[in-house]
Amino acid sequence: KLADIGLIGLAVMGENLVLNMESKGFSVAVYNRSTEKVDKFIEGRGAGKNIKGTHSVKELVEALQKPRKVMMLVKAGDPVDSFIEQIIPHLEEGDIIIDGGNSNFTDTIRRTEYVESKGFQFIGTGVSGGEIGALRGPSMMPGGSKSAWPHVKEIFQAVSAKVDDGMPCCDWVGANGAGHYVKMIHNGIEYGDMQIITEAYQFMKDVLGMSYDEMHQTFKKWNSEELDSYLIEITADILAYKDEDGEPMVEKILDTAGQKGTGKWTGIEAMHLGVPLTLIAESVFSRFLSAQLELRDQASQVFEAPAITFDGDKEAMLEDLKMAVYGAKIISYAQGYNLLMEASKEHDWELNYGDIALMWRGGCIIRSAFLSDIKKAFDKNPGLPHLLLDDFFKEKVQKAQTGWRKVCAVAVTNGIPVPSLSAALAYFDGFRTKRLPANLLQAQRDYFGAHTYERTDKTRGEFFHTNWTGEGADTVSTAYNS
Ligand code: 2AM
């Protein structure tokens, strides 16, 4: 009997996804470049299950029901292109190649076009949730050849995480690279969420002088309130974890953050599309700063930190801190959605923002109760131009700002860095300010480069130049903008 789907790439994500598919009643054929891993899997975790091991791409493809679905979970980059070349000669019209790796969306756009040009279909899908997610139900974000979706929908939605009344955290995202784009934004938001939490941790530890047990209790409490989320939950767990000598494990870990680049991609995308994605960008930069260990070590010997002067009400400050985290989180998602909206226009994806919130609601690293509120906001108004203009979030940010401002002020006074909490607040203040000082900026540009400006008392699109010094010519700058 032919298998329902084929999977290439038996690293831990691949293995777990295969076991997940099989547990939902699908038969799976598997292949891996190093074929000994196929045998090991079939004899080990895959033993006695409806899983067929194969030892070549040809054998894999021939083991599948038509239209064939060949899914790759291999290292992003060249290996994906190499497998596409190996798979194509064995396909027939209507067959589908699926890339479930962490590919850059621009590669997915290119591959969709390429595979379609050969007469086949391509899906690039984000898969989030780590190893456990892959096994128990990940969040899945598929995009690519739309005509392929009806053929994989049943399998994808069966294996994906479910929330509330059984809603799958997987739906069609959009054409070509849309799925991997949404996965990229997910990862950027994940960087932001993690950074905000670490800033709260440092504030608790260094300003409020809290013990690890107290911090554990606080995050546990937060996880039962509006911040209820996977990342807050694991933070509570982590802070309670003691090393063999009884010391908090976290204290033993070197403070230099790693990254695989998806947060960086999100930041670069924001630059490309001109979107103020300040919180995620700060989070990426904060990781870079953490990685400059030696420079920081030198600087810490050169500069004295201000003495911590906080002597207020700790409990009240903790409520303020929660509001700071909550307010910044709203800003981060608002900025992320702002980028999604611009990308949707740029690439004609017609993204469904409520569905995206639902896909992130369970299974993935940023899963949280909060995402239900985002889903509600877009269900209420699918054309909502910005999350902060939704009544629910507007009210929440209004309420959060008092405590949030206090936290930033106390942090600044005490010399504790809160780059993301404060960048988000600065964004909020800029966003709600009717008149920004960009009028002066335009004047400067016109002064030194005759770049012209628009006037408050004339219609938009009419440009003016002032001869500021009396020495410049009347010629204005056009294409050449220095
Ligand atoms: P391997 O077991 O043969 O190394 C995650 O690393 C998955 O991607 C593994 O299944 C791994 O196969 C595969 N992979 C990594 N680099 C690859 C390459 N250059 N060509 C084919 N598969 C690769």
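Strands E1 and E2 (residues 28-31) lie parallel to each other and are joined by 4 bridges; strands here, like helices, are DSSP runs numbered from the N terminus, with at least two residues for a strand (E) and at least four for a helix (H or I). Two strands count as paired if DSSP finds at least two bridges between them. One of the bridge partnerships links Ile-8 with Tyr-31 in E2. Between the two strands comes helix H1 (residues 12-23), and E1, H1 and E2 together form a right-handed β-α-β unit. Right-handed here means that, with the strands pointing away from the viewer, the path from the first strand over the helix to the second runs clockwise.

All of this comes from a predicted model, in which local features need pLDDT of at least 70 and side-chain atom pairs count only at pLDDT 80 or more, while totals for chains, interfaces and linings use all residues. Residues are numbered from 1 along each chain as its sequence is written.

E1 (residues 5-8) is covered on both sides: Ile-5 and Leu-7 point one way, Gly-6 and Ile-8 point the other way, and all are buried. Buried means that 20 or more other C-beta atoms lie within 10 Å of the residue's own; with 12 or fewer a residue is exposed, in between it is partly exposed, and the C-beta atoms are placed from the backbone. That back-and-forth fits a simple pattern: in a regular strand the side chains alternate between the two faces of the sheet. E1 also pairs with E4, again in the parallel sense, over 3 bridges, and here Leu-7 has Met-71 in E4 as its bridge partner.

Next along comes E5. E4 (residues 69-72) runs parallel to E5, and 4 bridges hold the pair together, with Lys-69 partnered by Ile-96 in E5. Helix H4 (residues 78-87) completes a right-handed β-α-β unit with E4 and E5. E5 (residues 96-99) has Ile-96 and Ile-98 on one side and Ile-97 and Asp-99 on the other, and all are buried. On to E6 (residues 121-128), the pairing with E5 is parallel too, with 4 bridges, and Ile-96 sits opposite Gln-121 in E6. To get from E5 to E6 the chain passes through helix H5 (residues 105-117), making a β-α-β crossover that is right-handed.

Then the direction flips: E6 and E7 are antiparallel, with 6 bridges between them, and Gly-124 faces Gly-143 in E7. E7 (residues 139-144) is mostly covered, with 6 of its 6 residues buried. Ser-139, Met-141 and Gly-143 are on one side of E7, and Met-140, Pro-142 and Gly-144 are on the other. E7 pairs in the parallel sense with E10 (residues 174-175) over 2 bridges; Gly-143 has Gly-174 as its partner in E10, and Gly-144 stands opposite Ala-175.

Put together, these strands belong to an open sheet of 8 strands with mixed pairing, in the order E3-E2-E1-E4-E5-E6-E7-E10. E3 (51-53) and E10 are the edge strands, each pairing on one side only.

There is a ligand in the model as well. Its surroundings include Gly-9, Leu-10 and Ala-11, along with Asn-32, Arg-33, Ser-34 and Lys-37. Val-74, Lys-75, Pro-79 and Ser-82 are also among the residues around the ligand, where a residue counts if its C-beta atom, placed from the backbone, lies within 6 Å. By type, this shell has 4 nonpolar, 4 polar and 3 charged residues; Ala, Val, Leu, Ile, Met, Phe, Trp, Tyr, Cys and Pro count as nonpolar, Asp, Glu, Lys and Arg as charged, and the others, Gly among them, as polar.

Away from the sheet, Gly-403 belongs to helix H17 (residues 391-414). Gly-403 counts as buried because it has 21 C-beta neighbours inside 10 Å. Leaving out residues up to four places away in sequence, Gly-403 touches Glu-319, Asp-320, Met-323 and Ala-324, a contact being two C-beta atoms, placed from the backbone, within 7 Å.

As for the whole protein, it has 19 helices and 10 strands. Its radius of gyration is 26 Å, close to the 23 Å from the globule rule for 482 residues, so the protein is as compact as a globular protein of that length. The radius is taken over C-alpha atoms, and the rule is 2.2 Å times the number of residues to the power 0.38. Buried residues make up 45% of the 482.
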